[in-house]
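This report describes a structural model together with its sequence, moving from one residue and its surroundings to the pocket, the core and several loop positions.

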Amino acid sequence: AVRVGPFIGIPVDLGGVSETGVIDTQGGIGFQAIDVVASRLTFQGPLRVVGRARVGGGAPVEVRGATLSGDVRLGRQVVRQPRIAVHPLPPDIPSRVTIGTRVLRNFAVAIDQRSMLVRLARADTGAVILAE
């Protein structure tokens, strides 16, 4: 794992596009990306407005979303063709990709901030260390 400002990030592959995904234990989303990342992704259809969000206490922003053509890989864990939410983040949130609670709820998550190890365990696949 790596520090992304005050947050913890892990390697994430979004349909062949490598990024660092920030673990967001407070965000009720699945996967989120900013526009510059989304422009590199391949979706099954066009991005469509799916709602509005208030991020970090700021003004509401438009949220667009679409289903990724490929899969998302978190280490050996795979999320098949998830929906990706796309919207800007305030400057004090240095994330390009966010992994929110709709994804994290499928795992037991262990974060060791001293050794910078993150473990996601899922009942059907067991524990996997994602990053060292």
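## Surroundings of T98

In this predicted model, T98 is in contact with V22, D24, I29, G30, F31, Q32 and L89, leaving aside its neighbours within four places in sequence. T98 belongs to strand β10, which covers residues 97-99. The relative accessibility of T98 is 6%, and because the threshold for burial is under 20%, T98 counts as buried.

Two side-chain polar contacts involve T98. One, of 2.8 Å, is made with the side chain of Q32, a residue that also appears among the contacts of T98 listed above. The other joins the side chains of T98 and S95 at 3.1 Å.

## The largest pocket

Which residues lie nearest the centre of the largest pocket? They are D24, Q26, G27, I29 and T98, out of 34 residues that line the pocket. Of these five, D24 and I29 are also in contact with T98. The volume of the largest pocket is about 700 Å³.

Several strands contribute to the lining. At least two lining residues come from each of β2 (7-14), β3 (17-23), β4 (31-33), β5 (48-54), β6 (60-67) and β9 (83-86). By residue class, the lining of the largest pocket comprises 17 nonpolar, twelve polar and five charged residues.

## The largest nonpolar core

In soluble globular proteins, nonpolar side chains tend to be buried together. In this model, the largest nonpolar core has 28 residues, and L14, L74 and I84 touch the most other members. Strand β2 gives the most to this core, supplying four residues.

Beyond its neighbours within four places in sequence, L14 is in contact with E19, V37, L41, L68, D71, V72, I84 and V97. The contact list of L14 thus includes I84, which is itself named with L14 and L74 for touching the most other core members.

## Strand β6: R64 and T67

R64 lies in strand β6. With a relative accessibility of 24%, R64 counts as partly exposed. Not counting residues up to four places away in sequence, R64 touches D35, L47, R48, V49, V50, I84, A85 and V86. I84 is therefore a contact of R64 as well as a member of the largest nonpolar core, where membership requires burial. In contrast to these contacts, V78 is 14 residues from R64 in sequence and 23 Å away in space, C-alpha to C-alpha.

T67 is found in strand β6 too. Its side chain makes a polar contact of 3.5 Å with the side chain of R83. Leaving aside neighbours within four places in sequence, T67 is in contact with F43, Q44, Q81, P82 and R83.

## Positive phi angles: Q81 and M116

Q81, one of the contacts of T67, is not a glycine, yet Q81 has a positive phi of about 35°. Q81 sits in the loop between β8 (77-79) and β9. Its relative accessible area is 39%, so Q81 is partly exposed.

M116 likewise has a positive phi, of about 55°, although it is not a glycine. M116 occupies the loop between β11 (108-112) and β12 (117-122). Is M116 buried or exposed? M116 is buried, with a relative accessible area of 15%, because values under 20% are assigned to that class.

## Prolines between β9 and β10

P91 lies in the loop between β9 and β10. The relative accessible area of P91 is 83%, so P91 is exposed. P91 and G56 are 35 residues apart in sequence, and their C-alpha atoms are 9.9 Å apart in space.

P94 is found in the loop between β9 and β10 as well. The relative accessible area of P94 is 38%, so P94 is partly exposed. P94 and V4 are 90 residues apart in sequence, with 6.5 Å between them in space, C-alpha to C-alpha. Not counting residues up to four places away in sequence, P94 touches V4, G5 and F7.

Terms used:
Residues numbered from 1 in each chain as written. Predicted model: local features only at pLDDT ≥ 70, side-chain atom pairs only at ≥ 80, totals over all residues. Heavy atoms only, no water. 1 Å grid on protein atoms, 1.4 Å probe; cavity = no way out; pocket = protein on both sides within 12 Å on 5 of 7 lines; lining within 4 Å. Points joined across faces, edges and corners; volume = space filled by probe spheres on them. Nonpolar A, V, L, I, M, F, W, Y, C, P; charged D, E, K, R; others polar. Buried < 20%, exposed > 50% of the residue type's maximum accessible area, 1.4 Å probe, protein only. Polar contact = N/O pair within 3.5 Å; in protein donor to acceptor, adjacent residues only side chain to side chain. Contact = heavy atoms within 4.5 Å. Core = buried A, V, L, I, M, F, W, Y, C linked by side-chain atoms within 4.5 Å.
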